[in-house]
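Work through the following exercises with the sequence and the model at hand. Each task is followed by a solution in steps.

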Amino acid sequence: VWQHFEAQVLPELLATHPAESPLRAWVVGCSTGEEAYSLAIGFADVVSRIPQFERQGLQIFATDLNADAIAVARRGEYPASIAKAVPADRLARYFTCHDDRFRIASSVRDMVLFAEQDVVLDPPFTRLDILCCRNLMIYLDQRLQQKLLPLFHYSLRAGGVLMLGSS
């Protein structure tokens, strides 16, 4: 999904988006931030590969109900074991190693605003170009899933992209 997003979807979004305004994304149920940071890193890679987009920006709103998870996400520090899942070139470019932990580069952290939010009760973000909800839906019953899908569509601008997980 991420490879397709970076190779196809993101370049198409950038090509049709006004350069003077940043893309807007919402990562729903962000937990400890991996998905939000993956989106930011993918964006940074695409922009570095395609010079015409180098001035383009990305604002990511990453929300979760769990205050402790948000605190971890804001720190942007992960155990050394992420080296098994994150390619070495990305580790070198977007992380620094401190005391057996990897910390996300400030250029990536600066793209993401983390906040506590109850997606069912609190107002949604709107006029979004990208909405990611890849892991939350598996924890919700069918009634809540059916309630959230129209809300997600409402949140997206015309031509925006909804990324869901397999659930």
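**Exercise 1.** Which residues form one aromatic cluster?

*Solution.* The model is predicted, so local features need pLDDT of at least 70 and side-chain atom pairs count only at pLDDT 80 or more, while totals for chains, interfaces and linings use all residues. Residues are numbered from 1 along each chain as its sequence is written, and side-chain values use heavy atoms, with hydrogens and water left out.

Step 1. Apply the pairing rule: rings of Phe, Tyr and Trp (its six-membered ring) pair if their centres lie within 6.5 Å; planes under 30 degrees apart are stacked, over 60 edge-to-face, and the rest tilted.

Step 2. Read off the cluster: Trp-26, Phe-61, Phe-125 and Phe-152.

**Exercise 2.** Describe the pair formed by Trp-26 and Phe-125, and give the burial of each residue.

*Solution.* Step 1. The structure holds 7 aromatic pairs. In the one between Trp-26 and Phe-125, the centres are 5.4 Å apart and the planes meet at 65°, an edge-to-face arrangement.

Step 2. Locate the partners, using helices (H or I, at least four residues) and strands (E, at least two) as DSSP runs numbered from the N terminus. Trp-26 belongs to strand β1 (residues 23-28) and Phe-125 to the loop between β6 (112-116) and β7 (128-133), so the pair ties together parts 99 residues apart in sequence.

Step 3. Classify accessibility: buried is under 20% relative accessible area, exposed over 50%, partly exposed in between (1.4 Å probe, protein chains only). Trp-26, at 0%, is buried, whereas Phe-125, at 23%, is partly exposed.

**Exercise 3.** What is the strand order of the open sheet, and which strands are at its edges?

*Solution.* Step 1. Two strands pair if DSSP finds at least two bridges between them. The order of the 5 strands is β6-β2-β1-β7-β8, with parallel pairing.

Step 2. β6 and β8 (156-164) are the edge strands, each pairing on one side only.

Step 3. β7 and β8 are joined in the parallel sense over 5 bridges; Cys-132 has Met-163 in β8 as its bridge partner.

**Exercise 4.** At about what angle to β8 do helices α1 and α6 run?

*Solution.* Step 1. Axes are lines fitted to C-alpha atoms, for helices over the stretch in contact (heavy atoms within 4.5 Å). Angles run from 0 to 180 degrees between N-to-C directions.

Step 2. Helix α1 (residues 2-16) lies across β1, β7 and β8, at about 175° to β8.

Step 3. Helix α6 (residues 142-155) packs on the sheet, touches β1, β7 and β8, and makes about 135° with the direction of β8.
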